[in-house]
Amino acid sequence: MEKRTRMTTAQAIVRFLDNQYVLMDGVETKFVKGFFTIFGHGIAVGLGEALDTNPGDLKVMQGRNEQGMCHCAIAYAKQNGRKQIIACSSSIGPGAANMVTACGTATVNNIPLLVFPSDTYASRQPDPVLQQIEQSNSLATTTNDAFKPVVKYWDRIQRPEQLMTALISAMRVLTDPADTGAVCIALPQDVEGESYDYPESFFAKRVHRITRPCAVPEEIEDVAEVIAAAKNPVIIVGGGVRYSEAGEEVEKFCEEFNIPFGETQGGKSACKSSNPYCLGGIGVTGTSAANKIAKKADCVIAVGTRLSDFTTSSKWLFQNENVRFVTINNNRYHAYKYDAVKAVGDAKATITALAENLRAKGYKAAYTNEIKDVKAEWDAELDRLSGIKCEGENFEPIIKARDPRTIPEFYKLYGTSLTQTAALATLRACMGEDDIIVTAGGSLPSDLQRVWKTDKRGGYHVEYGYSCMGYEIGASMGVKMADPDVEEYTVVGDSGFQMLSSELGTIMQEKVKTNILVFDNCGFGCINNLEMGHGIGSMATEFRYTDGKKPCGDLVPTNYAKIGEAYGMKSYTCKSVEELRDAIIDSRKQTVACLFDLKIMPKTMTDGYGSWWNVGLADVSSKESVREAWEDVKEKRAEARKY
Ligand SMILES: Cc1ncc(C[n+]2csc(CCOP(=O)(O)OP(=O)(O)O)c2C)c(N)n1
Ligand SMILES: [Mg+2]
């Protein structure tokens with residue numbers, strides 16, 4: 001008879017996870033680095049006992065906010081090319097609920113995230129246990145049911161032996177390149193401590209292959225025929241190219257067939273920015289180069305992309321009336337979008353096979369000077385953007401729609417000359433070539449998608465699938481842990497920082513040297529642009545004192561450098577390009593985490609470049625400015641593709 005070992009559910013989780021590996025392109029990687037925990041009564045004595053008594057080779061870390069620690073885990077997995085994760089565990093009720101948003105972020109971005117929220121008692125003996133919701137319509141419903149819409153796999157362990165199939169299913173999903181995302185295994189707190197005679201085979205070393213299924217030849221031929229009939233195709237490089245490590249193949253494909261490419265937020269840095277066919281970001285926050293080419297393209301080759309509204313300008317970007325769409329995606333759901341001619345398969349394998357087919361057809365796109373010309377025009381614009389400086393309170397920033405008080409008031413508060421575009425250019429110039437840039441929601445992802453250039457594959461780490469403000473600080477830690485040999489620079493809006501900076505404590509505890517640059521423009525800059533750009537007033541998007549009814553008084557100043565100091569970080573306040581440059585140079589000598597309080601003149605982010613975004617504006621309003629904006633929305637909606 002097979003040997004069996006008596007262990008608690010929690011002990012079995014730890015031992016199982018310590019024995020999982022992935023194998024991709026012949027390289028084996030241990031899949032689980034460790035555990036993040038925020039203990040409470042739901043988990044401290046169950047999983048806590050297991051991690052205290054025998055964590056095996058797993059590292060144990062202590063988060064500060066469950067969402068924040070999950071952000072660190074997501075960033076760690078992403079920066080590791082999805083080949084290594086940190087599991088996250090929480091107590092019941094609010095601790096569990098705090099992980100729901102992070103699961104959404106992981107799932108949207110196809111990043112493996114394994115969470116173990118603890119749960120109410122399976123026995124129900126102590127009900128209602130502390131932090132139990134008590135849903136009177138079903139005692140089987142707990143807080144953890146809230147994970148179901150945002151995870152790719154959900155389970156609840158009511159008996160210790162259920163763990164075996166649950167964890168094997170979890171591994172199936174976490175290591176699936178086409179459909180990975182968040183996995184939730186809810187742990188009733190009594191079951192965590194209950195034991196079972198687990199068969200030894202359950203704990204054997206498991207190696208999960210991450211494979212590269214190529215699209216079938218018929219589909220490759222379908223796609224090749226559409227491309228072969230096109231004169232001016234454009235490629236969209238999505239996150240699937242990054243995770244397939246297909247950047248080099250895509251670049252070679254573009255060079256051989258004379259096809260330019262634009263990048264999504266997820267796809268940026270899969271290919272080198274210096275490649276002569278790279279047009280930079282595409283779509284709502286794209287470059288003029290990418291959007292000009294996209295507008296006229298007669299064939300869009302979407303590789304490894306979800307084709308989100310930001311990538312396609314809400315289906316308005318591609319205006320050639322004969323444009324055709326082809327998709328290359330390992331996920332059938334995404335491949336079917338746009339009614340495209342599709343090839344379902346791994347990006348690297350499929351692009352390579354498609355190249356062979358097109359080579360046999362003797363294909364070459366018809367571009368002559370167009371790619372070079374739009375790129376030169378965009379580079380000149382980048383030069384202009386990097387030189388913009390605020391000269392005083394009468395300064396005219398890029399964004400015209402604004403409260404007339406904002407610029408003079410901000411100038412009076414801080415006397416800053418620093419603009420967002422100049423700050424980003426300075427950062428790029430002072431960073432090492434192989435350093436990594438990190439951000440998430442706000443105006444910074446938009447600007448970075450346009451202006452950022454890097455030749456380091458994976459050197460651009462931006463979460464814009466869920467656009468989750470508050471991702472940034474946890475992510476700075478996860479990225480640095482994944483790639484400790486280079487510096488990482490996290491740029492974060494002041495509001496994103498205020499939303500979730502809890503993991504600063506964890507960064508200090510784990511002695512992770514991150515660089516966090518807070519872009520203080522006193523509010524929700526991009527949303528202020530969005531509302532005022534649609535004829536609405538500055539309504540609760542700047543940080544202004546309340547008049548008792550609305551936040552419409554003076555600006556509320558904040559000293560972010562002091563927050564950094566309070567944690568023991570090295571802090572800098574910068575109000576000019578020169579101060580920023582000196583601070584970055586000094587920070588590179590530090591071993592402790594650094595925080596930069598950048599006083600960024602509001603309204604100095606990039607804007608325009610041939611894009612549009614469909615938002616749900618009021619179709620009736622007493623404001624003339626809103627009615628005018630509505631006419632434009634109506635017009636663009638009429639021009640946009642319908643599905
Ligand atoms: C968790 C979350 N809540 C709300 C939003 C909606 N939202 C998008 S950007 C933004 C404001 C961002 O402000 P800040 O971080 O200061 O960046 P800025 O635009 O000023 O550069 C808000 C509220 C979001 N993306 N994520
Ligand atoms: Mg802001």
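Trainee: In this predicted model, which residue in strand 3 does Leu 23 stand opposite?

Mentor: The two strands to look at are strand 2, residues 20-24, and strand 3, which run antiparallel and are joined by 4 bridges. Leu 23 has its opposite number in strand 3, and that residue is Glu 28.

Trainee: Why is one side of strand 3 and of strand 11 left without a neighbour in the sheet?

Mentor: The open sheet has 3 strands in the order 3-2-11, with mixed pairing. Strand 3 (27-30) and strand 11 (206-209) therefore have one side free, since each stands at an edge with a single partner strand.

Trainee: By how much are neighbouring strands of the sheet 3-2-11 turned against each other on average?

Mentor: The order 3-2-11 describes an open sheet with mixed pairing. With direction ignored, the average turn between neighbouring strands of this sheet is 30°.

Trainee: Which helix joins strand 8 and strand 9 in a β-α-β unit?

Mentor: Strand 8 (residues 153-156) and strand 9 (residues 182-188) pair in the parallel sense over 4 bridges. Within that pairing, Trp 154 stands opposite Cys 184 of strand 9. The right-handed β-α-β unit is completed by residues 162-174, which are helix 6.

Trainee: What are the bounds of domain 2?

Mentor: The domain assignment lists domain 1 as 9-209, domain 3 as 387-599 and domain 4 as 613-643. Domain 2 is given there as 217-371.

Trainee: How many residues does domain 2 bring to its contact with domain 1?

Mentor: The C-alpha centres of domain 1 and domain 2 lie 37 Å apart. Domain 1 gives 7 residues to the contact, and these divide into 2 nonpolar, 3 polar and 2 charged. From domain 2 the number of residues is 6.

Trainee: Which strands stand at the edges of the sheet 14-13-12-15-16-17?

Mentor: This open sheet is made of 6 strands, and the pairing is parallel. Neighbouring strands are turned by 20° against each other on average, direction ignored. Two strands each have a single partner, so one side of each lacks a neighbour in the sheet: strand 14 (278-281) and strand 17 (341-344).

Trainee: Which residue of strand 13 stands opposite Val 237?

Mentor: Strand 12 (residues 233-237) runs parallel to strand 13 (residues 261-263), and 3 bridges join them. Val 237 faces a residue of strand 13, namely Glu 263.

Trainee: What angle does the direction of helix 8 make with that of strand 17?

Mentor: Helix 8 (residues 217-228) packs on the sheet and touches strand 12, strand 15 (299-303), strand 16 (324-329) and strand 17. Its direction and that of strand 17 make an angle of about 140°.

Trainee: How many charged residues are in the contact of helix 11 with helix 15?

Mentor: Helix 11 (residues 288-296) and helix 15 (residues 370-386) pack at about 145°, with axes 8 Å apart. The residues in contact include Lys 292 of helix 11 and Glu 370, Lys 375, Glu 377 and Glu 381 of helix 15. Besides 4 nonpolar and 1 polar, the charged residues number 5.

Trainee: How many polar residues are in the shell around ligand 1?

Mentor: Ligand 1 is surrounded by 19 residues, the closest being Gly 442, Gly 493, Ser 495, Phe 524 and Gly 525. Helix 18 (443-451), helix 20 (494-499) and helix 22 (525-533) each supply at least two residues of the shell. By class the shell has 7 nonpolar residues and 1 charged, while the polar residues number 11.

How values were computed: Residues are numbered from 1 along each chain as its sequence is written. Chains are lettered from A and ligands numbered from 1 in the order in which they are written. This is a predicted model: local features need pLDDT of at least 70, side-chain atom pairs count only at pLDDT 80 or more; totals for chains, interfaces and linings use all residues. Domain bounds come from an automatic or database domain assignment. Two residues are in contact if their C-beta atoms, placed from the backbone, lie within 7 Å. Ala, Val, Leu, Ile, Met, Phe, Trp, Tyr, Cys and Pro count as nonpolar, Asp, Glu, Lys and Arg as charged, and the others, Gly among them, as polar. Two strands pair if DSSP finds at least two bridges between them. Axes are lines fitted to C-alpha atoms, for helices over the stretch in contact, and angles run from 0 to 180 degrees between N-to-C directions. A residue is near a molecule or strand if its C-beta atom, placed from the backbone, lies within 6 Å of it. A crossover is right-handed if, with the strands pointing away from the viewer, the path from the first strand over the helix to the second runs clockwise.
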